[in-house]
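Trainee: I would like a close look at one part of this model. Please take me through a sheet, strand by strand, and show me what lies around it.

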Amino acid sequence: MEEAAVKQVWRMLDENESRFHDALYADIRKPKVETQSYEIIGIKNEIIHTLEHLDEWAKPSAVDVFEEFKVNQPRVYKQPKGAVLIIGTWNYPLDLTLDLLISAISAGNTAVIKASENTPVTGKLLAELIPRYLDSESYRVVNGDKDQATELLKYHWAHILYTGGAKVARIVMAAASKHLTPVTLELGGKTPTIVTEKANIAIAAKRIAWVKVWNLGQTCMSTDYVLVHESVREQFVTELIKYIKTFAENSGVDGMSRLINNMHFHRISDMLAATKGKVAFGGHQDEAKLFVEPTIILDPALDDSTLESEIFGPLLPLITYKTLPEARDLITRIDPTPLGLYVMTEDNEQAEYFFTHIRSGGAAINDPMAQLAVPSVPFGGFGESGMGSYRGKAGFETFSHLKSAVTTFTDPASEQANEWRYALGDREEKFQLLKNLEIPLS
Ligand code: NAD
């Protein structure tokens with residue numbers, strides 16, 4: 001049953017591809033190639049992986065225990081949690097609802113999706129299509145703003161998965177606590193990208209320029225700011241300007257996503273106006289088109305407007321560092337638990353240094369956001385960037401209750417082995433028996 005429903009999501013995407021392209025263009029002017037890749041194909045890959053592995057995930061799994069306890073056949077059953085609530089956001093309005101829906105369905109749950117009010121055309125399309133492809137007794141879409149979300153949060157859900165900012169996450173968690181409902185929080189933060197002196201500078205610059213143009217930098221795990229080694233700074237900035245310029249010229253203002261609404265336009269515009277860093281490239285704004293050009297800002301101080309909070313837009317502050325410990329210290333001061341962490345280097349040991357010292361949600365070498373492109377790699381934050389994860393097996397388990405079970409026996413020998421615990425006979429003798437059963441430390 002779950003497999004059939006998951007396949008229906010695939011069909012819904014496949015049979016309505018151009019309607020999804022149009023909806024995302026209407027909502028955020030997302031170019032077709034962006035919708036097709038990081039939304040539609042990403043979800044389809046997740047579906048294929050889920051269908052390939054669902055039987056294996058769903059069956060009871062054995063638990064590795066001491067030899068002495070193997071007789072009890074310890075195992076873990078995966079049970080649906082029940083009715084789950086998925087609160088989505090607007091920057092990837094398909095991926096951040098349907099990917100989660102697949103995990104919820106595959107684990108056997110019913111689900112309500114609360115789509116973001118900031119992408120109303122996509123939300124309306126989902127509300128129209130989901131009942132056509134899935135059983136509407138089990139899966140529903142609710143469109144609306146925080147009032148609808150607040151109403152939904154009054155109910156007793158079996159699990160709530162929220163994607164969005166940390167401020168609302170606290171409201172979600174407080175509401176969930178009334179019913180002791182478990183939550184998964186997918187948030188953001190200030191994701192660093194370190195460009196070391198051992199990086200392929202041209203490729204590093206090209207890929208960092210890409211994430212600031214892609215969805216106009218409105219990706220939770222995209223590069224928020226760059227730390228560049230002093231010895232390669234000049235070369236890196238030159239390459240970065242070259243690529244941002246080329247990408248922007250090739251796309252044109254209308255070929256790039258726009259900022260999602262006026263509030264976010266002014267947030268970005270104010271951040272730019274307040275920076276004390278030097279604008280090395282960009283800065284052009286068009287309020288009518290909700291557009292701010294990808295903009296490079298050199299040498300902002302740590303209390304600069306661009307380093308105080310998550311940018312979630314096309315600005316790119318750039319800080320110079322001399323040593324790896326200095327870069328690590330700067331990251332820890334800016335945001336100790338970012339959602340992503342990227343190290344541009346040809347020396348994996350340099351990357352390992354940051355991977356082991358910074359507690360980010362995810363990480364990648366030489367490509368910002370690469371961990372999302374590889375299907376079914378668990379995705380989630382830590383600390384202020386979130387809690388819990390989904391995609392692939394992690395998503396299945398997020399929406400499953402993992403129930404441990406063991407088997408015991410009533411034959412005379414088994415009962416004899418239990419005699420020490422009953423308050424019968426000589427207690428001291430039983431204590432000694434128990435001591436003899438202790439497994440020594442090897
Ligand atoms: P948003 O405004 O769309 O809000 C997210 C959801 O919360 C919406 O469905 C909205 O209706 C609901 N909401 C708003 N106020 C609420 C309230 N008071 N009570 C209950 N629900 C409420 O999204 P946003 O906050 O602008 O999202 C941007 C943030 O999301 C950024 O920080 C970004 O990094 C983060 N994000 C994280 C991920 C991830 O997967 N980790 C993905 C995308 C975005």
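Mentor: What follows is a walk through one sheet, with a short look at the whole chain before and after.

Keep in mind that this is a predicted model. The chain has 17 helices and 18 strands. Of its 442 residues, 51% are buried. Its C-alpha trace spans about 85 × 55 × 35 Å along the principal axes.

Now to the sheet. It is open and has 7 strands. Their order is E10-E13-E14-E9-E8-E15-E16. The pairing is mixed. In general, the strands of a sheet pair through backbone hydrogen bonds, either parallel or antiparallel. Look at the edges. Strand E10 covers 278-281 and strand E16 covers 364-365. Each has a single partner strand, so one side of each is left without a neighbour in the sheet.

Start at the E10 edge. E10 and E13 are paired in the antiparallel sense, over 3 bridges. One spot to find is Lys 278, whose bridge partner in E13 is Leu 298.

Stay with E13, which runs over residues 295-298. On its other pairing, with E14, there are 4 bridges, and these two strands run parallel. Here Thr 295 has Leu 315 of E14 as its bridge partner.

What covers the faces of E13, and which residues point where? A general rule helps first. In a regular strand the side chains alternate between the two faces of the sheet. In E13, Thr 295 and Ile 297 are on one side, while Ile 296 and Leu 298 are on the other. All four are buried, and both faces of the strand are covered.

Next, move along to E8, residues 192-195. This strand runs parallel to E15, residues 342-344, and 3 bridges join the two. Thr 193 stands opposite Tyr 342 in E15. A helix packs on the sheet here: H8, residues 201-213. H8 touches E8, E9 (225-229), E14 (315-321) and E15. The direction of H8 makes about 160° with that of E8.

Follow the chain out of H8. The loop between H8 and E9 holds Leu 216. Its phi is near 50°, a positive value in a residue other than glycine. Is Leu 216 buried or exposed? Its relative accessibility is 0%, so Leu 216 counts as buried; the cut-off for buried is under 20%.

A second positive phi sits by the E16 edge. Asn 366 has phi near 70°, and this residue is not glycine either. Asn 366 lies in the loop between E16 and helix H14 (370-373).

For contrast, turn to a sheet of 3 strands. It is open, antiparallel, and ordered E1-E2-E18. E1 (61-62) and E18 (400-405) are its edges; each has a single partner strand, so one side of each is left without a neighbour in the sheet. E1 pairs with E2 (residues 75-80) over 2 bridges, in the antiparallel sense. Ser 61 has Val 76 of E2 as its bridge partner.

Last, step back to the chain. Take the contacts between residues at least 6 apart in sequence: 70% of them join residues at least 24 apart. The chain exposes about 20500 Å², and carbon and sulfur atoms supply 55% of that area. There are 45 positive and 59 negative side chains, and the centres of the two sets lie 3 Å apart.

How values were computed: Residues numbered from 1 in each chain as written. Predicted model: local features only at pLDDT ≥ 70, side-chain atom pairs only at ≥ 80, totals over all residues. Heavy atoms only, no water. Pairing = 2+ DSSP bridges. Contact = heavy atoms within 4.5 Å. Axes fitted to C-alpha atoms, helices over the stretch in contact; angles between N-to-C directions. Buried < 20%, exposed > 50% of the residue type's maximum accessible area, 1.4 Å probe, protein only. Areas by Shrake-Rupley, 256 points an atom, 1.4 Å probe, with all protein chains shown as cover. Lys, Arg positive; Asp, Glu negative; His and termini not counted. Charge placed at Lys NZ, Arg CZ, Asp CG, Glu CD.
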